[in-house]
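User: Hello! I am new to this structure and would like to learn how to read its features step by step. Could you guide me?

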Amino acid sequence: QVQLVESGGGLVQPGGSLRLSCVASRSIFSFDAMGWYRQAPGKQRELVATITSAAFRNYADSVKGRFTIVRENDKNTVYLQMDTLKLEDTAVYYCNARRMTREYWGQGTQVTVSS
């Protein structure tokens with residue numbers, strides 16, 4: 001089983017920043033895409049950002065211009081830099097990796113934006 005371990009969540013004030021990390025148990029060269037999803041209370045899990053093996057990036061409209069996804073292959077790590085955080089960004093954030101038809105998920109890290 002591929003293991004994905006997220007870290008970096010926490011409590012932050014509106015307008016603040018956090019950087020989430022996702023460390024994979026194997027080389028991330030093997031994944032077609034990696035990304036971040038989030039799930040807020042009472043909401044469905046939604047796409048936040050993805051990055052493909054060709055470095056193509058996709059972002060949810062709600063985070064464009066504020067969030068940046070970065071892959072560091074030599075560290076087997078994908079980061080999500082979150083700036084100008086808003087109250088509505090509060091959610092559990094999950095790391096995702098995809099290879100062919102298979103998907104892998106981390107356990108999630110809580111991000112709470114509150115004044």
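Analyst: Gladly! Let us begin with a term: strands are DSSP runs of at least two residues, numbered from the N terminus. One thing to keep in mind is that this is a predicted model.

User: Where is the place of Ser30?

Analyst: Ser30 sits in the loop that joins strand 3 to strand 4. A polar atom of its side chain is 3.0 Å from the backbone oxygen of Ser27. In space, the C-alpha atom of Ser30 is 8.9 Å from that of Arg98, although 68 residues separate the two along the chain.

User: Is Ser30 buried, exposed or partly exposed, and why?

Analyst: The general idea is a pair of cut-offs: buried is under 20% relative accessible area and exposed is over 50%. Ser30 has 24%, so it counts as partly exposed.

User: Now the disulfide: how many does the structure hold?

Analyst: There is 1 disulfide. Its partners are Cys22 and Cys95, with sulfur atoms 1.9 Å apart. The link ties together distant parts of the chain, since Cys22 belongs to strand 3 and Cys95 to strand 9, 73 residues apart. The angle about the S-S bond is -80°, and the link is left-handed.

User: Why does Cys22 count as buried?

Analyst: Cys22 counts as buried because its relative accessibility is 0%. Cys95 is buried too, because its relative accessibility is 0%.

User: What about the largest nonpolar core: which residues have the most contacts inside it?

Analyst: Those are Leu4, Met34, Trp36, Leu80, Met82 and Tyr93, in a core of 30 residues. Among the elements that give two or more residues to this core are strand 3 (18-24), strand 4 (33-39), strand 8 (77-82) and strand 9 (91-99). Take Leu4 as an example: leaving aside neighbours within four places in sequence, its contacts include Cys22, Cys95, Met34 and Trp105. Both disulfide partners, Cys22 and Cys95, are thus on the contact list of Leu4.

User: How do I read a sheet: what is the order of the strands in the open sheet of 4 strands?

Analyst: The order is 1-3-8-7, and the pairing is antiparallel. Strand 1 (4-7) and strand 7 are at the edges; each has a single partner strand, so one side of each has no neighbour in the sheet. From one strand to the next, the twist averages 15°.

User: Over how many bridges do strand 7 and strand 8 pair?

Analyst: They pair over 6 bridges, in the antiparallel sense. One bridge to look for joins Ile69 to Leu80 in strand 8. Leu80 is also one of the residues with the most contacts inside the largest nonpolar core.

Technical notes: Residues are numbered from 1 along each chain as its sequence is written. This is a predicted model: local features need pLDDT of at least 70, side-chain atom pairs count only at pLDDT 80 or more; totals for chains, interfaces and linings use all residues. Side-chain values use heavy atoms; hydrogens and water are left out. A nonpolar core is a set of buried Ala, Val, Leu, Ile, Met, Phe, Trp, Tyr and Cys residues joined through side-chain atoms within 4.5 Å. Buried means under 20% relative accessible area, exposed over 50%, partly exposed in between (1.4 Å probe, protein chains only). Contact means heavy atoms within 4.5 Å. A disulfide is a pair of cysteine sulfur atoms within 2.5 Å. Two strands pair if DSSP finds at least two bridges between them. Axes are lines fitted to C-alpha atoms, for helices over the stretch in contact, and angles run from 0 to 180 degrees between N-to-C directions. A polar contact is a pair of N or O atoms within 3.5 Å; within protein, one must be able to donate a hydrogen and the other to accept it, and residues adjacent in sequence count only if both atoms are side-chain atoms.
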